Amino acid sequence: MEKKLTVAADLRQLTVLGKEAQATRKLEAFPNHHEERDYTVTLHTTEFTCVCPLTGHPDFAEIRIQYIPDRHILESKSLKLYLQSFRNEGTFHEHVVNVILDDIVAALSPRWCKIKADFAVRGGVGIGVEAEYRK
């Protein structure tokens, strides 16, 4: 049996990969050629920022996204631009983690997805938030 690698058709739906782009809330995906098996994809960043909805002070977080793809795989540049779109967004930590999970689930319909965010200590308190989806 021939291994399924990336083919030209996989790239047709991608609009930001290989191009200059601005932060946007658009997540893009490409076909999963191995949907017969469960495997975990992990995406990680230490550069997530948003701001406190009341004070406007910046909040910094390390975010880990894990998912088991079904028919689609998340394109990483679109994720980077998506996460950057929260930079000046006033939001509570718990809300933003759940919004990210909802948006990834809407874009991919994965078999399973978990978002874990560890926000930097501010005012003596660090906050960690985990949200999970299971098909």
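This is a short presentation on the fold, one loop proline and the salt bridges of a single chain.

Good morning, colleagues. Please bear in mind throughout that the model is a predicted one.

I begin with the overall architecture. The chain contains 2 helices and 6 strands. Read from the N terminus, their order is β-β-β-β-α-α-β-β. Along the principal axes, the C-alpha atoms occupy a box of roughly 55 × 30 × 20 Å. Of the 135 residues in the chain, 37% are buried. The accessible surface amounts to about 8400 Å², and carbon and sulfur atoms account for 51% of that surface.

How much of the contact pattern joins residues at least 24 apart? Among contacts between residues at least 6 apart in sequence, the share is 66%.

Let me turn to one position, Pro53. This residue sits in the loop that links strand S2, residues 41–51, to strand S3, residues 58–68. Its relative accessible area is 38%, so Pro53 is classed as partly exposed. Leaving aside residues up to four places away in sequence, Pro53 touches Gly90, Thr91 and Phe92. A further reference point is Val96: 43 residues separate Pro53 from Val96 in sequence, and their C-alpha atoms are 11 Å apart in space.

I now come to the charges. The chain carries 18 positive and 19 negative side chains, and the centres of these two sets are 4 Å apart. How many salt bridges does a search of the whole structure find? The search returns 9. I shall discuss three of them, including their locations and their exposure.

One of these joins Glu89 to Arg25, with the closest N and O atoms 3.1 Å apart. Glu89 belongs to the loop between helix H1 (76–84) and helix H2 (93–108), while Arg25 lies in the segment before strand S1 (29–31), so this pair ties together parts 64 residues apart in sequence. Glu89 is partly exposed at 34% relative accessibility. Arg25 is likewise partly exposed, at 40%.

Another salt bridge pairs Arg122 with Asp59, and here the closest N and O atoms are 2.6 Å apart. Arg122 is in strand S5, residues 112–122, and Asp59 is in strand S3, so the bridge connects parts that are 63 residues apart in sequence. Are these two partners buried or exposed? Asp59 has 4% relative accessibility and therefore counts as buried, whereas Arg122, at 36%, is partly exposed.

The remaining example is formed by the side chains of Lys135 and Asp70, at 2.8 Å from N to O. Lys135 lies in the segment after strand S6 (125–134), and Asp70 lies in the loop between S3 and strand S4 (72–74), so the pair ties together parts 65 residues apart in sequence. Lys135 is exposed, with a relative accessible area of 56%. Asp70, by contrast, counts as buried at 15%. Which residues are joined into one network with this pair? Through salt bridges that share partners, Asp38, Asp70, Arg111 and Lys135 form one network.

To conclude, I would ask you to locate three items in the structure above. Please find Pro53 with its contacts Gly90, Thr91 and Phe92. Then find the bridge between Arg122 and Asp59. Lastly, trace the network of Asp38, Asp70, Arg111 and Lys135. Thank you for your attention.

Terms used. Residues are numbered from 1 along each chain as its sequence is written. This is a predicted model: local features need pLDDT of at least 70, side-chain atom pairs count only at pLDDT 80 or more; totals for chains, interfaces and linings use all residues. Side-chain values use heavy atoms; hydrogens and water are left out. Helices (H or I, at least four residues) and strands (E, at least two) are DSSP runs, numbered from the N terminus. Buried means under 20% relative accessible area, exposed over 50%, partly exposed in between (1.4 Å probe, protein chains only). Contact means heavy atoms within 4.5 Å. Accessible areas come from the Shrake-Rupley method with a 1.4 Å probe; for residues, only the protein chains shown count as cover. Lys and Arg count as positive and Asp and Glu as negative; His and the chain ends are not counted. The place of a charge is taken as NZ of Lys, CZ of Arg, CG of Asp or CD of Glu. A salt bridge is a side-chain nitrogen of Lys or Arg within 4 Å of a carboxyl oxygen of Asp or Glu.
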